[in-house]
Amino acid sequence: MTTNHISPLVLADNAALDTARMTLVDQLVHWASLRIEERVFLPGMRMPSIRSLAEDKHVSRFSVVEAYERLVAQGYLEARRGSGFYVRERPTMPQQLAAAPMVAKGPIDVPWLVRNMLHTVAPERGPGMGYLPPSLLDADMMTSAMRSMSRQSTMYLLQAGNPHGFLPLRVQLQTQLAELEIGARPDQIVLTSGITQAVDFLLKLYVRTGDTVLVGDPAWFVMFGRIASQGVTPIGVPYTPEGIDVQALERLVQQHRPKLLIINSILQNPTGTSLTPARAFQILRLAEQYDFMVLEDDIYCDLCPPHQQVARLASLDQLKRVVYLGSFSKTLAANLRVAYIACSPELAKTFVDHKMLAGSTTPEINERIVYKALTEGHYRRHVERLRSRLDEVRDSARRRLEHIGLRMFGDPTSGMFFWADTGVDTSAVAAAGHEAGFLFAPGALFSPRQAPSTWMRMNVACSSDPSMLAFLSRQLERAA
């Protein structure tokens, strides 16, 4: 049946446009082109059939045909006789004209999830979120820290910060690192604006165009973009349910002679695995034998139960070949961009010089807030509650996901992520989820190869909503 209206899913994107002046075909063209530009529909992906899109949007098939033909003319689609319409690979804009290029060089493409991670979405509709929902965090503790800071002299607000970062916070971090058996004096600790800035510093210091950097496969997707932006080739090291595949790592090291290995040592994103002492020793042996540095990202440190048997490379190496990274974005607040680098004294000096040239000092206000949160006696109890609340929902969320057909990677007993095999292409699931207002994190984005993947990262705290599970179940049934 033909009607004269389009589904609200289309009109929602046209809220800023004069929809009264737009024809149904105009609205369909806008709907499709926006999703192609946002990388919801990726190059090579088959568009919905004419019949299915007409039924879904409550328009005539003639309107869909005309919209698709316009999109072909505009270079968004290509028509394949007898097969349908497919998203065309569009030429890259000159860098000076690109609105916000995520990757300057190389094949890595991560803007889709980056953009959508920043969209406002209710936690129950965002199993692909990379942060914990606000309901699990402690707003009162943060408010108390800010109030305590405001009662002090405000002269520091008018001054430049310390190039290393706020000294009292670095002294506090020295104490916390000592509890992890990592020896680092305050002059060996440099504060940065998030883990991404720390990774950028290290890449610019250690690698040059044409070098190789080893990363996890799967691993944190933003890192791939940062590596590629340096003209450097990221090579993925596979993971097993017991952690990084050390035998594969040795083969890749022998083959590529990398300058750097970047690794999540504890509760790896997205697999949730942690280094055992045996694997940690093997990694350090290879680093020594083949002369490469290791960047150890321990951003999930405080989500690891104290009784869990894990090994940190920095505690074994004592910051000789290992550069250790930490942050509080997962446990305090996502927009509190305070991270730190712990490394050798010589490297710390070089980092500080680079930091000053790249962006002067980091915001001391944020660093003071973190310092207050860490030292007023509530943070330790907060992370204990956080681990307990994740434990409370983990088993039930896992059962619900397994009930609709997902298969877990290993046996996740801690941390904030599931790495789950859906059996279908999760990029298509994520695209459909975007249409329905859900945020999913497809597996292709977690691999440096970005090949089609049946895996998906699921946030433990955001994976139990009945409507989300029902939607995901329908998508799996349709694709099966």
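## Close-up views of a predicted model

**View 1. A helix laid over four strands.** Helix α10, residues 246–256, lies across β4 (212–217), β5 (233–240), β6 and β7 (260–264). Its direction makes an angle of about 160° with β5. Keep in mind for this and every other view that the model is predicted.

**View 2. The open sheet, strand by strand.** Let's follow the sheet across: eight strands sit in the order β3-β10-β9-β8-β7-β4-β5-β6. The sheet is open, and its pairing is mixed. Which strands are at the edges? They are β3 (189–192) and β6 (243–244), and each of them pairs on one side only.

**View 3. Strand β10 and its two partners.** Here we zoom in on β10, residues 339–342. Strand β9 (residues 322–327) runs antiparallel to β10, and four bridges join the two. To pick out one of these pairs, find serine 327, whose bridge partner in β10 is alanine 339. Now turn to β3, which also pairs with β10 in the antiparallel sense, over four bridges. In that pairing, isoleucine 189 has alanine 342 of β10 as its bridge partner. Are the faces of β10 covered or bare? Both are covered: Ala339 and Ile341 are buried on one side, while Tyr340 and Ala342 are buried on the other.

**View 4. Asparagine 162 in its loop.** Asparagine 162 belongs to the loop that links α6 (139–150) and α7 (167–179). With a relative accessibility of 32%, asparagine 162 counts as partly exposed, because that value falls between the 20% limit for buried and the 50% limit for exposed. What does asparagine 162 touch, apart from neighbours within four places in sequence? Its contacts are Arg170, Lys355, Thr361 and Glu364. Leucine 191 is another residue to look for: it comes 29 residues away from asparagine 162 along the chain, and their C-alpha atoms are separated by 9.6 Å.

**View 5. Helix α2, largely enclosed.** Helix α2 covers residues 24–37, a run of 14 residues. At 1.5 Å a residue it should span 20 Å, and since its end C-alpha atoms are 20 Å apart, the two values agree. Why call α2 largely enclosed by the rest of the structure? Because ten of its 14 residues are buried. Among them are Val25, Leu28, Val29, Trp31, Ala32 and Ile36, along with Gln27, His30, Ser33 and Arg35. Just past the helix comes arginine 39, which has a positive phi near 70°.

**View 6. The largest cavity.** There are three cavities of 30 Å³ or more in the model, and this view looks into the largest, which holds about 70 Å³ of space. Its lining includes Gly216, Ala219, Trp220, Met223 and Tyr239. Also in the lining are Ile262, Ile263, Asn264, Gln268, Asn269 and Asp297. Strand β7 supplies the largest share of the lining, three residues.

**View 7. Stepping back to the whole protein.** After the close-ups, here is the overall picture: 17 helices and 14 strands. The protein has 480 residues, and 54% of them count as buried. How much of the contact pattern links residues at least 24 apart in sequence? Of the contacts between residues at least 6 apart, 71% do.

Notes
Residues are numbered from 1 along each chain as its sequence is written. This is a predicted model: local features need pLDDT of at least 70, side-chain atom pairs count only at pLDDT 80 or more; totals for chains, interfaces and linings use all residues. Side-chain values use heavy atoms; hydrogens and water are left out. Two strands pair if DSSP finds at least two bridges between them. Contact means heavy atoms within 4.5 Å. Axes are lines fitted to C-alpha atoms, for helices over the stretch in contact, and angles run from 0 to 180 degrees between N-to-C directions. Buried means under 20% relative accessible area, exposed over 50%, partly exposed in between (1.4 Å probe, protein chains only). The expected span of a helix is 1.5 Å times one less than its number of residues. On a 1 Å grid over the protein atoms alone, a cavity is a set of points where a 1.4 Å probe fits but cannot get out, and a pocket is an open set with protein on both sides within 12 Å along at least five of seven lines; lining residues have an atom within 4 Å of a point. Grid points are joined across faces, edges and corners, and a volume is the space filled by probe spheres set on the points.
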